[in-house]
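Me: I've just opened this one and don't know my way around yet. Can you walk me through it?

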Amino acid sequence: MIDIDFESLRLIGLTQTIASQLYLLHDIPANAQLVRITEIQRDWLTVHDGQAEFRARVLPVQHDAALAVGDWVLSTTLAHDERWLSALLPPTTHIARRGNDGRHHSLVSNVDTALLVMGLDHDFNPRRLERYLAIVKTAGVEPVVVMSKADIGDEVEQRMELLRQRLPASIPLLAVNTLSDDAAAQLAPWLGVGQTLVLLGSSGAGKSTLTNTLTQAGQQTGGVRKGDGRGRHTTTSRSLHLCDGGACIIDTPGLRSWQPDADEASLTAAFEDIDALAAQCQFRDCRHAAEPGCAVRGAVDEDRLLNYHKLLREARRSQQTPLDRIAEVAKWKVMQRAAVARSKGKLGKR
């Protein structure tokens, strides 16, 4: 066990639960220090010890670890005052996504709240927002939907009402002007001492602007392209910033591919309203398509239900092995040939 300055580390997000993970580590070096990863670049990492930031490298034994911004690690100082990271504390929460190649991509760790930022302009896309919600809910992180550009958006009241009707009432929904200090007041319930928040959303949604407003970080921000309202990429890596009130904000670049890293059961639980209504369906294996006695159809926004089915199909495909995919293709080929044969048979009887 190592000595830690809990009060200093609490200001960068340390909790008693995370600190207790130290008991799970063995052979801790005598000069080890508990630090938090605040930024990851290709050849180096930035970590914070509660007092200041410094650069560090990862010992070869840790190269296989999926390190992410927000992780708590042990740092040791070797020859020539080089800082090395020697051990990773198991994260309490971890948000990841699955790429188009099927591989897992770590995003952030040890996060309490995810601020899902979407613009009330050309960025408005309820289906994409539900994808964000599925990612964070399956990771055990509480979401807060932050609709940015409330001062300059299109059809603000109509779009906010659409989301109120479409999303479960349990999910906080805010409309903010990310340039205004009022944004900090609106988000105050989630900005307590020791809290860690991550901002997720597309490029140009206002994540970096909101980070600057909450932390005075002074990050570079950019506008959107004319014509399609798509954001210019200004944030190129995930980075952790400190608020004066003691909360931590992790800003992230906009992601082009958002596939939940979850199985079918976890994804179903993420759509809590559909999951609750499904218990009232006449059939236990109801797919909420055309079955009689379905309690979901008609009670849930139609497009939300279609998006739910789409995400479920993605989750099932992601769980398939190469042999499963081959078998499924073969099955559909057999069904297609049978359908063609039936069609020819009917034509022959005429």
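Me: Let's start with S239: buried or exposed?

Reply: S239 is buried, with a relative accessible area of 7%. Buried means under 20% relative accessible area, exposed over 50%, and partly exposed in between (1.4 Å probe, protein chains only). Before we go on, this is a predicted model, where local features need pLDDT of at least 70, side-chain atom pairs count only at pLDDT 80 or more, and totals for chains, interfaces and linings use all residues. Residues are numbered from 1 along each chain as its sequence is written, and side-chain values use heavy atoms, with hydrogens and water left out.

Me: Ok, and which strand is S239 in?

Reply: S239 belongs to strand 12, residues 239–242. Strands (E, at least two residues) and helices (H or I, at least four) are DSSP runs, numbered from the N terminus.

Me: What does the side chain of S239 make a polar contact with?

Reply: With the side chain of H241, at 2.9 Å. A polar contact is a pair of N or O atoms within 3.5 Å; within protein, one must be able to donate a hydrogen and the other to accept it, and residues adjacent in sequence count only if both atoms are side-chain atoms.

Me: Zooming out, how many helices and strands does the protein chain have?

Reply: There are 10 helices and 13 strands. The chain has 350 residues, and 47% of them count as buried.

Me: Which strands does strand 1 pair with?

Reply: Strand 1 (residues 33–40) pairs with strand 4 (residues 72–77), antiparallel, over 4 bridges. Strand 1 also pairs with strand 2 (residues 45–48), again antiparallel and over 4 bridges. Two strands pair if DSSP finds at least two bridges between them.

Me: What stands opposite L34, and what is the bridge partner of R36?

Reply: L34 faces L74 in strand 4, while R36 has H48 in strand 2 as its bridge partner. Strands 1 and 2 form a hairpin, with 4 residues between them.

Me: New topic: how many disulfides are there?

Reply: The structure holds 0 disulfides. For C243, the nearest cysteine sulfur is that of C248, 7.5 Å away. A disulfide needs a pair of cysteine sulfur atoms within 2.5 Å.

Me: And why is C281 not bonded to C286?

Reply: Because the sulfur of C281 is 3.9 Å from the one in C286, its closest cysteine sulfur, and that is too far for a bond.

Me: Are those two, C243 and C281, buried or exposed?

Reply: C243 is buried at 11% relative accessible area, and C281 is buried at 10%.
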